[in-house]
Amino acid sequence: MTTKQISAYWIGGLACAALLLYSILYYWAIPFSASLTVPQKWKRLPLRENRFLVHGYLGPPASSGQRIDTWQLGMKGHTHTLKMFYSKDSTAIAYTIHYQYSNIFISRNYLLDSNDIR
C-alpha cells in the first residue's frame, strides 16, 4: 500500500466516524437530553380539569386561543413548548410537549410527550 491509499482510508474512516457521531447526537443524544430538561410541572399535567385550574397550576400562557394554550420555556435554539388543548366546556383534554433544537447547521422539532383523555 502506498501512502496515498493509506491517507484515503484514514480520510474515509474519519468521515464515517464523523457521520456516526452526528447521527448519534441528532437522533439520540439531543432528544434524550431534552426529555431530561422538561420542567417538573409539565410531567404531571392536570387533564380533565378546567382551564382556570390549569392556568393556576402552570401560570399564564405565552399565547392563548379559543381552545388551545401554549407555554414556552428556554433560550433561542433550545425551546420547550407545551400546548394544552381544551374541549368546548374548557376542560383540558390533551397536551403535547415539543422541543425545538436549532443551530447554524440543523433545525429540528422533537415531540417529547403527548397524552389525551380517552
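In the predicted model, strands E1 and E2 run antiparallel and are joined by two bridges. One residue pair can be named here: Ser64 has Asp69 of E2 as its bridge partner. Strands of a sheet pair through backbone hydrogen bonds, either parallel or antiparallel. The wider sheet is open and has five strands. Their order is E1-E2-E3-E4-E5, and the pairing is antiparallel. E1 and strand E5 (107-116) stand at the edges. Each of these two has a single partner strand, so one side of each is left without a neighbour in the sheet.

Helix H3 spans residues 51-58. Its buried residues are Arg51, Val54 and Leu58. Seen down the axis of H3, these buried residues fall within an arc of 60 degrees, so they line one face of the helix. The face turned away from the buried side carries Phe52 and Gly56, which are exposed. The buried residues of H3 pack against several elements of the sheet: strand E1 (63-64), strand E2 (68-75), strand E3 (78-86) and strand E4 (92-102). They also pack against helix H2 (40-43). Just after H3 comes Gly59, with a positive phi of about 95 degrees.

The loop between H2 and H3 holds Arg48. This residue has a relative accessible area of 55%. The cut-off for exposed is over 50%, so Arg48 counts as exposed. Arg48 nevertheless has contacts with residues beyond its sequence neighbours. Leaving aside residues up to four places away in sequence, Arg48 touches Thr91, Ala92, Ile117 and Arg118. Ala92 falls within strand E4 (92-102). Arg48 and Ala17 are 31 residues apart in sequence. In space, their C-alpha atoms are 48 Å apart.

Helix H1 covers residues 3-36 and includes Leu20. The relative accessibility of Leu20 is 53%, and Leu20 therefore counts as exposed. Leu20 also belongs to a nonpolar patch on the surface. The other members of this patch are Ile24, Trp28, Phe32 and Leu36. Together, the five side chains named here belong to residues with about 550 Å² of accessible area.

Terms used
Residues are numbered from 1 along each chain as its sequence is written. This is a predicted model: local features need pLDDT of at least 70, side-chain atom pairs count only at pLDDT 80 or more; totals for chains, interfaces and linings use all residues. Side-chain values use heavy atoms; hydrogens and water are left out. Buried means under 20% relative accessible area, exposed over 50%, partly exposed in between (1.4 Å probe, protein chains only). Helices (H or I, at least four residues) and strands (E, at least two) are DSSP runs, numbered from the N terminus. The arc is that of the directions from the helix axis to the C-beta atoms. Contact means heavy atoms within 4.5 Å. Patches are made of residues with over 30% relative accessible area and no salt bridge: like charges are joined within 9 Å, nonpolar side chains (Val, Leu, Ile, Met, Phe, Trp, Tyr) within 5 Å. Accessible areas come from the Shrake-Rupley method with a 1.4 Å probe; for residues, only the protein chains shown count as cover. A salt bridge is a side-chain nitrogen of Lys or Arg within 4 Å of a carboxyl oxygen of Asp or Glu. Two strands pair if DSSP finds at least two bridges between them.
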